[in-house]
Amino acid sequence: MELVPVTQMLKAAEKDGYGVGSFSARNTYLIEAILKAAQKTKAPVIVQISANEFNWFDVTAGEFAGRFYEIHDKYQGQAALHLDHTKDMEIIKAAIDAGFRSVMIDASSKPFAENIEITRKVVEYAHDHGVVVEAELGTLAGIEDEVVVAEGHASYTRPEEVEEFVSKTGCDSLAIAIGTSHGAYKFKPGTKPQLRFDVLEEVSRRLPGFPIVLHGSSSVPQNYVEMINAHGGKTVSYTHLRAHE
């Protein structure tokens, strides 16, 4: 497989109007399944794992990256290796040193200024090593890895902050919160998702052509996916969506 920078994937997706699936391999055994499926569907793919999953499955960043690079050339298509939700700079450094070409720093639970400062430091290290960075602004309800946010404590991204955030951090893509939710059990029957399409539209207007990421997008009803696309998104129904995301 051709190893393609995530930003290159997202720019192509934005240009041609499709989403890029980012799939959690969870452990090394699933890497091959993801790459095989990507070849079969002729779709670019992002293979990811989070900091917490390293502990869950007793795998190091080096072992995971090693397995990815060991098997990627067995398949055709385009692939990228991404470190998902991570708060620890040392883990991010270890992943970059091991061969991850894309990392996510999630300092969204911090105050705005502190989020900028933490993200900027990650960006500096990553860019020095030719690695791209996804950051997050706003918090999603639900549970994903070490990210736990009670329903009442989620916060939508403030569109008026995104330009300053991107400018001061230098991040390469931005995960925003518009009402999607982490975890497997969300959007239950009888509940009404409070998806803020106005936030998505305004962020897209303020950051034209900039890669926007939506986490927690699995189980979003199809009519809402269509509405997201109508308000500036480029989405399909994946757990993580990028360059739509």
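**View 1. Helix α1 and strand β6 at the largest cavity.** α1 (6-16) and β6 (132-137) each supply at least two residues of the lining of the largest cavity. The model shown here, as in every view below, is predicted. The cavity encloses about 40 Å³ of space. Its lining counts 10 residues. Val 6, Ser 102, Val 132, Glu 134 and Ser 173 are the ones nearest the centre. By character, the lining splits into four nonpolar, three polar and three charged residues. Rolling a probe the size of a water molecule over the atoms is what reveals such empty space.

**View 2. The whole chain, for orientation.** Nine helices and 11 strands make up the secondary structure. The chain has 245 residues, and 52% of them count as buried. Its accessible surface is about 11,200 Å². Carbon and sulfur atoms account for 51% of that surface.

**View 3. The largest nonpolar core.** This core holds 48 residues. Which of them touch the most other members? They are Leu 35, Phe 64, Phe 100 and Leu 174. Helix α4 (residues 61-71) is the top contributor to this core, giving five residues. Another core lies apart from it, with nine residues. Val 4, Val 6, Ala 13 and Val 132 are among those nine. Val 6 and Val 132 also appear among the residues nearest the centre of the largest cavity.

**View 4. Surroundings of Phe 100.** Setting aside neighbours within four places in sequence, Phe 100 contacts Ile 49, Phe 54, Ala 61, Phe 64, Ala 65, Leu 81, His 82, Leu 83, Ala 95 and Val 131. Phe 64, in that list of contacts, is also named with Phe 100 among the residues that touch the most other members of the largest core.

**View 5. Leu 174 in strand β9.** Leu 174 sits in strand β9 (residues 173-176). Is this residue buried or exposed? Leu 174 counts as buried because its relative accessibility is 0%, and the cut-off for buried is under 20%. Beyond neighbours within four places in sequence, its contacts are Ala 135, Glu 136, Leu 137, Val 162, Phe 165, Val 166, Leu 207, Phe 210, Pro 211, Ile 212 and Val 213. Val 162 is 12 residues away along the chain, and the two C-alpha atoms are separated by 8.6 Å.

**View 6. Glu 163 on helix α7.** Glu 163 belongs to helix α7 (residues 159-169). Its relative accessible area is 38%, so Glu 163 is partly exposed. Which residues does Glu 163 contact, leaving aside neighbours within four places in sequence? Arg 206 and Leu 207. In sequence, Glu 163 and Arg 206 are 43 residues apart. In space, their C-alpha atoms are 6.7 Å apart. Leu 207 is also a contact of Leu 174.

**View 7. Glu 164 on helix α7.** Glu 164 lies in helix α7 too. It is partly exposed, with a relative accessible area of 35%. Not counting residues up to four places away in sequence, Glu 164 touches Phe 112 and Ile 116. Ile 116 is 48 residues from Glu 164 in sequence. The C-alpha to C-alpha distance for this pair is 9.1 Å.

**View 8. Ser 109 in the loop between β5 and α6.** Ser 109 falls in the loop between β5 (102-105) and α6 (112-128). Its relative accessible area is 54%, so Ser 109 is exposed. Leaving aside neighbours within four places in sequence, Ser 109 is in contact with Lys 87 and Thr 139. Gly 138 is 29 residues away along the chain, with 7.8 Å between its C-alpha atom and that of Ser 109.

**View 9. Positive phi at Lys 42 and Asp 58.** Most residues other than glycine have a negative phi. Lys 42 is not a glycine, yet its phi is positive, about 55°. Where does Lys 42 lie? Lys 42 is in the loop between α2 (29-41) and β3 (45-49). With a relative accessible area of 78%, Lys 42 is exposed. Asp 58, again not a glycine, has a positive phi of about 50°. Its place is in the loop between α3 (51-56) and α4. Asp 58 is exposed as well, with a relative accessible area of 70%.

Technical notes
Residues numbered from 1 in each chain as written. Predicted model: local features only at pLDDT ≥ 70, side-chain atom pairs only at ≥ 80, totals over all residues. Heavy atoms only, no water. Helix = DSSP H or I, 4+ residues; strand = E, 2+ residues; numbered from the N terminus. Buried < 20%, exposed > 50% of the residue type's maximum accessible area, 1.4 Å probe, protein only. Areas by Shrake-Rupley, 256 points an atom, 1.4 Å probe, with all protein chains shown as cover. 1 Å grid on protein atoms, 1.4 Å probe; cavity = no way out; pocket = protein on both sides within 12 Å on 5 of 7 lines; lining within 4 Å. Points joined across faces, edges and corners; volume = space filled by probe spheres on them. Nonpolar A, V, L, I, M, F, W, Y, C, P; charged D, E, K, R; others polar. Core = buried A, V, L, I, M, F, W, Y, C linked by side-chain atoms within 4.5 Å. Contact = heavy atoms within 4.5 Å.
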